[in-house]
Amino acid sequence: MELLQLFPVSYLNLQDLHIDQTASRERITDDALLRLANRAQGNLRTLSLVRCSKITDDGLKRVLERNPRLIKLNIPGCTRLTVEGILKCLKNFKSRNTPSGGIKQLRVGERYDVQQIHFEELKSLIGEDSCTQRSNVKKPRFYGQRCLQPCGDDDCAVDIEVCPRCQFCRMVYDCPAESCQGKKMEAQPCRACRFCISRCYQCGRCINDVELEETFCLEPLCSDCRDQVKVQFNNEISADLVTPVSNEM
């Protein structure tokens, strides 16, 4: 019970384990993760670790070894996991002839150390080509506050791809603005990674230098979201300045 109190955990029929440490002070360790995963008795199908910065390659390897039915792996923001370590874990997992046949869906998030050779190997290990053939319609991915989503939000095998602009392997985002919508998402001129195209932190649309404004946490806002934030801020200030009327005679 102590582990469940320290680390917010979500189980579904002992098959899905999701740990999100975005706002948590306590960081789960390799040993603690293994103890939690062992409660599934080898039946985990989904493992989602969001910003679990103490989890290492060895810790991930041990969990995968004891859960041969795993098919979905979500590890964005796990900074101690290396690309080489992830690849090794996936290779070992797939080579053991597991009941699941290997990981089918992988989310690594905003990593900047994935080279082209790593990307091709990742696609090969998770069967990205066969997944693409099964799904003819690719759901758009928008940048914003909900970037760190658990597996299952779409049918895509891996969340990174080659950016159409810089050609680096990163997360590539579509634009929700109606003016940028075309018949096909791939045709959007602003479809790219967030280093090539500035995007609003709130709504995810592309923004130009003229309307760009950074928030206190240095996240960019578009003009519409900026105006909404200002209105909300002014309303809160006005509410604080209102003096309650006394009912005393």
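# Structural briefing: burial, salt bridges, cavities and backbone

Leu44 lies in the loop between helix H2 and strand S3 (46-50). The model described here is predicted. The chain has 249 residues, of which 41% count as buried, and its secondary structure comprises seven helices and nine strands. The points below begin with Leu44 and its surroundings, then turn to the chain as a whole, the salt bridges, the cavities and the backbone.

**Leu44 and helix H2**

- Leu44 counts as buried, because its relative accessibility is 0% and the term covers values under 20%.
- Beyond its neighbours within four places in sequence, Leu44 is in contact with Leu14, Gln15, Asp16, Leu17, Ala37, Asn67, Arg69 and Leu70.
- One of these contacts, Arg69, is 25 residues from Leu44 in sequence, with a C-alpha to C-alpha distance of 6.2 Å.
- Helix H2 (residues 30-37) is largely enclosed by the rest of the structure, because six of its eight residues are buried.
- The buried residues of H2 are Asp30, Ala32, Leu33, Leu34, Leu36 and Ala37; Ala37 is also among the contacts of Leu44.

**The chain as a whole**

- Among contacts in the chain with a separation of 6 or more, 67% are between residues 24 or more positions apart.
- The chain exposes about 14,600 Å², and carbon and sulfur atoms supply 50% of this area.

**Salt bridges**

- A search of the whole structure finds ten salt bridges.
- Arg194 and Glu110 form one of them, with the closest N and O atoms 3.5 Å apart. This pair links distant parts of the chain, 84 residues apart: Arg194 is in the loop between strand S7 (169-170) and strand S8 (213-214), while Glu110 is in the loop between strand S5 (105-107) and helix H5 (116-126).
- Both partners of that bridge are partly exposed: the relative accessible area is 34% for Arg194 and 25% for Glu110.
- Arg191 forms a salt bridge with Asp174, and the closest N and O atoms are 2.6 Å apart. Arg191 and Asp174 are 17 residues apart, and each is in the loop between S7 and S8.
- In this second pair both residues are buried, with a relative accessibility of 7% for Arg191 and a relative accessible area of 3% for Asp174.
- Asp227 and Arg226 also meet through their side chains in a salt bridge, at 3.8 Å from N to O.
- The two members of this pair fall into separate burial classes: Asp227 is partly exposed at 39% relative accessibility, whereas Arg226 is buried with a relative accessible area of 19%. Arg226 is assigned to the buried class because its value of 19% is under the 20% limit.
- A network of salt bridges links Asp31, Asp58 and Arg62.

**Cavities**

- Rolling a probe the size of a water molecule over the atoms shows where empty space is left.
- Across the whole structure, the search finds two cavities of 30 Å³ or more.
- The second largest cavity has a volume of about 30 Å³.
- Its lining consists of Val83, Ile86, Val108, Arg111, Val114 and Leu122.
- By class, the lining of the second largest cavity has five nonpolar residues, no polar residues and one charged residue. Arg111 is the charged member of this lining, because Arg belongs to the charged class.

**Backbone: residues with positive phi**

- Most residues other than glycine have a negative phi.
- Arg51 is not a glycine, yet its phi is positive, near 55°.
- Arg51 is in the loop between S3 and helix H3 (57-65), and at 37% relative accessibility it counts as partly exposed.
- Gln167 likewise has a positive phi, of about 70°, although it is not a glycine.
- Gln167 is found in the loop between strand S6 (161-162) and S7; with a relative accessibility of 48%, Gln167 counts as partly exposed. Gln167 is not classed as exposed, because its 48% does not reach the range over 50% that the class requires.

Notes
Residues are numbered from 1 along each chain as its sequence is written. This is a predicted model: local features need pLDDT of at least 70, side-chain atom pairs count only at pLDDT 80 or more; totals for chains, interfaces and linings use all residues. Side-chain values use heavy atoms; hydrogens and water are left out. On a 1 Å grid over the protein atoms alone, a cavity is a set of points where a 1.4 Å probe fits but cannot get out, and a pocket is an open set with protein on both sides within 12 Å along at least five of seven lines; lining residues have an atom within 4 Å of a point. Grid points are joined across faces, edges and corners, and a volume is the space filled by probe spheres set on the points. A salt bridge is a side-chain nitrogen of Lys or Arg within 4 Å of a carboxyl oxygen of Asp or Glu. Helices (H or I, at least four residues) and strands (E, at least two) are DSSP runs, numbered from the N terminus. Buried means under 20% relative accessible area, exposed over 50%, partly exposed in between (1.4 Å probe, protein chains only). Contact means heavy atoms within 4.5 Å. Accessible areas come from the Shrake-Rupley method with a 1.4 Å probe; for residues, only the protein chains shown count as cover.
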